[in-house]
Amino acid sequence: MKACVTSRILNRRADGTPVPFTEVISFAKEAGFEEFDMTLPARLYRQADWERELDARGEALAKAGMRVKYVHLPYDYPAADDAEGWARYDEAVRRGVDWTRRYGADCAAIHPRTFMTEDYDLEREYEDALAFLRPFCEYAHGADVVLAIEIMRGAGRSAPARIRRFGTDTGDLIRMADALDEGICWDTGHAQISMQDPCRSIFRVGRRLRMVHINDNFGEDDVHLAPFLGNLPWDDVLRALREVGYAGSMNVEVSCSRLPEALRKPYAAYMGAACRYLIDRFEGKN
């Protein structure tokens, strides 16, 4: 198993200016990561040179002896009544699917676009999410690209029970993945906030599990901490991944960009060490 990390591990300097991708690669490699989960937001395609930028990223990764293992498709949604914005978003997702194939990535994560609400109707929410995802899944099937529908975060363990969201329950997610003939992305942090027992949830996902997002929290907010800095039951997660025969990478979805610059490299080094520790535990080496 290889150590993978989000391309958002480092994206902004302290002054807000973007970090060149070649520096992101060096930063991640120095921390011990071998692969990337490439986030491709819709806003990326508003850059005049977006295609050249993505080509350059692939070339730089190859030169560094790394690869794009996964892609994360856009989830920066426009306003509900922004028809032009939705047309651009639709195009961005399809471009993301095209680049998943072009990079040779194993699969791409996609969100079902659901929201927390007190006015919750399961069948309505299911049909809305299905209608949102179906065109993208059909496009991906035509491109021979596998999508992994991501488990969503809930409102938090201390939030009122009446606040609910589709995509937080493992059974609902499995139902949708099967209807669309797609896989599942199991996000450790989202599942923790949504109060999904990791063993039971991952066992139920089983063969549908195509990728994981590894991050920690305390069950209340999606803070994306490095492993062991929250209270996730990591032994349970690893045991379940072994039992279902998970064959993907240990994919850490944590950023250093909010930290002071002096703390970014030490935190990244910890992230890499924690990832390697999880891999060793998964492989029975410690």
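The exchange below walks through a predicted model, from its sheet to its loops.

Colleague: What is the strand order of the open sheet of eight strands?
Modeller: The pairing in this sheet is parallel. The edge strands are β7 (209-213) and β8 (250-252), and each pairs on one side only. Read from one edge, the order is β7-β6-β5-β4-β3-β2-β1-β8.

Colleague: By how many degrees are neighbouring strands of this sheet turned against each other on average?
Modeller: Direction is ignored for this value. The average turn is 30 degrees.

Colleague: Which residue in β3 stands opposite E35?
Modeller: Strand β2 (residues 35-39) runs parallel to strand β3 (residues 67-72). Five bridges join the two. Opposite E35 stands R67.

Colleague: Helix α2 packs on the sheet, so what angle does its direction make with that of β2?
Modeller: Helix α2 spans residues 50-63. This helix touches β2 and β3. Its direction and that of β2 make about 170 degrees.

Colleague: Which residue of β4 does V71 stand opposite?
Modeller: β3 and β4 pair in the parallel sense. Three bridges hold that pairing. The residue opposite V71 is A108.

Colleague: Which residues of strand β4 point the other way from C107 and A109?
Modeller: In a regular strand, side chains alternate between the two faces of the sheet. Strand β4 covers residues 107-110, and C107 and A109 point one way. These residues and those facing the other way are all buried. The other pair is A108 and I110.

Colleague: Which residue in β7 is the bridge partner of W186?
Modeller: Strand β6 (residues 183-187) pairs with β7 in the parallel sense, over four bridges. β7 is mostly covered, with four of its five residues buried. The partner of W186 is V212.

Colleague: At what angle do the axes of α3 and α4 cross?
Modeller: Helix α3 covers residues 83-103 and helix α4 residues 122-142. Their axes come within 10 Å. The crossing is right-handed. The angle is roughly 35 degrees.

Colleague: How many residues of the contact of α3 with α4 are charged?
Modeller: From α3 come W86, Y89, D90, V93, R94, V97 and D98. They meet F132, P135, F136, Y139 and A140 in α4. Nine residues of this contact are nonpolar and none is polar. The charged ones number three.

Colleague: How many disulfides does the count come to?
Modeller: A pair of cysteine sulfur atoms must lie within 2.5 Å to count. For C185, the nearest cysteine sulfur is that of C107, 7.6 Å away. For C199, the nearest is that of C185, 18 Å away. The count is zero.

Colleague: Does C199 count as buried or exposed?
Modeller: Buried means under 20% relative accessible area. C185 has 0% relative accessibility, so it is buried. C199 has 11%, so it too counts as buried.

Colleague: With which residues is P41 in contact, leaving aside neighbours within four places in sequence?
Modeller: P41 lies in the loop between β2 and α2. It counts as buried because its relative accessibility is 15%. Its C-alpha is 8.5 Å from that of G96, 55 residues apart in sequence. The contacts of P41 are P74 and D76.

Colleague: What distance separates the C-alpha atoms of L259 and A14?
Modeller: L259 lies in the loop between β8 and α9 (261-282). A relative accessible area of 27% makes L259 partly exposed. L259 and A14 are 245 residues apart along the chain. Their C-alpha atoms are separated by 8.3 Å.

Colleague: Which residues does L259 touch, not counting those up to four places away in sequence?
Modeller: Contact means heavy atoms within 4.5 Å. The residues that L259 touches are R264 and Y267.

Colleague: What is the phi of D144?
Modeller: Most residues other than glycine have a negative phi. D144 is not a glycine, yet its phi is positive. The residue sits in the loop between α4 and β5 (147-150). Its phi is about 60 degrees.

Colleague: Does M195 count as buried or exposed?
Modeller: M195 is in the loop between α6 (188-193) and α7 (198-205). Its phi is positive, near 60 degrees, in a residue other than glycine. The cut-off for exposed is over 50% relative accessible area. At 51%, M195 counts as exposed.

Note on methods. Residues are numbered from 1 along each chain as its sequence is written. This is a predicted model: local features need pLDDT of at least 70, side-chain atom pairs count only at pLDDT 80 or more; totals for chains, interfaces and linings use all residues. Side-chain values use heavy atoms; hydrogens and water are left out. Axes are lines fitted to C-alpha atoms, for helices over the stretch in contact, and angles run from 0 to 180 degrees between N-to-C directions. A crossing is left-handed if the near helix is turned anticlockwise from the far one by less than a right angle, and right-handed if clockwise. Ala, Val, Leu, Ile, Met, Phe, Trp, Tyr, Cys and Pro count as nonpolar, Asp, Glu, Lys and Arg as charged, and the others, Gly among them, as polar. Two strands pair if DSSP finds at least two bridges between them. Buried means under 20% relative accessible area, exposed over 50%, partly exposed in between (1.4 Å probe, protein chains only).
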